[in-house]
Amino acid sequence: MAEKKQFAVKNLHKKFHDNVVLDGIDLTIREGDVLGVIGPSGTGKSTLLRCINQLEVPESGSIELEGKTIDLSNGRKSNKKNIIELRQRTGMVFQRFNLFQKKTALENVMEGLVTVQKKSKEEARKIALRELTRVGMEKWANHYPVHLSGGQQQRVAIARVLAMKPDLILMDEPTSSLDPELVGEVLETIRRLAEEGHTMILVSHEMAFIRKVANRCIFLDGGKIVEDGTPKEVFQNPRQERTKEFLRKMSLLEAPDYVI
């Protein structure tokens, strides 16, 4: 049996001016993990994802994958080949979709396949249609983002990430920009991906959903990992008083299971 891949984040520090956002984060994500990240606003959840994907450059920190160490703090000064490899192996689903407005859903999913992976348009089209079908958006393949609901746009964004076949999917509050009635369709798509064994880090305020789909959960506060365990351990039997305080304020110590 092949050894499972893993991403190991080491000693990650990030600040904005005098505000320390990440304060020495050490985190290992194993293949097949669905890691839920919870915590109060402004505590570094989204910044953690953005540093992993090099959308933000931290003051210090590295990531290890398959015996290779990539210094995240050097940004463009780092080994360009390593950074390109890291970005190819990670895929980001953003809060606000980030679709090209002048391209159809199909063209949005094809874009990275053609420009980054250098696939032919014919091959890219086949892959894009397959991934749009996977997220239930094949009927809207030729529609532009302006003609799609927020939930539909987010599913196209997920298809775009899946088409690139990343080892690690980073989801940054994927439902935060959606109307409440559209949240369910995106969460259902994410749930299916989790069941298929995709490795994900999921930052979300949908706490009951994280309890349902994640196999591991961390609580971030003050730029540090305060709690790390299974969702049952973190939500029902947290060890740290700060976690208990947060969950009490959110009325989540006895939250009901997420139901689709």
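Me: Which backbone oxygen does the side chain of Ser176 reach?
Reply: This is a predicted model, in which local features need pLDDT of at least 70, side-chain atom pairs count only at pLDDT 80 or more, and totals for chains, interfaces and linings use all residues. Residues are numbered from 1 along each chain as its sequence is written, and side-chain values use heavy atoms, with hydrogens and water left out. Ser176 lies in the loop between β7 (168–172) and α6 (180–195), helices (H or I, at least four residues) and strands (E, at least two) being DSSP runs numbered from the N terminus. At 3.1 Å, the oxygen that the Ser176 side chain reaches is that of Glu173.

Me: Is Ser176 buried, partly exposed or exposed?
Reply: Buried means under 20% relative accessible area and exposed over 50%, with partly exposed in between (1.4 Å probe, protein chains only). Because the relative accessible area of Ser176 is 42%, this residue is partly exposed.

Me: Which residues does Gln152 contact, leaving aside its neighbours within four places in sequence?
Reply: Gln152 belongs to helix α5 and, at 11% relative accessibility, counts as buried. With contact meaning heavy atoms within 4.5 Å, its partners beyond those neighbours are Met137, Trp140 and Glu185.

Me: At what distance from the backbone nitrogen of Ser149 does a polar atom of the Gln152 side chain lie?
Reply: The Gln152 side chain belongs to a residue placed in helix α5. Between one of its polar atoms and the backbone nitrogen of Ser149, the distance is 2.9 Å.

Terms used. A polar contact is a pair of N or O atoms within 3.5 Å; within protein, one must be able to donate a hydrogen and the other to accept it, and residues adjacent in sequence count only if both atoms are side-chain atoms.
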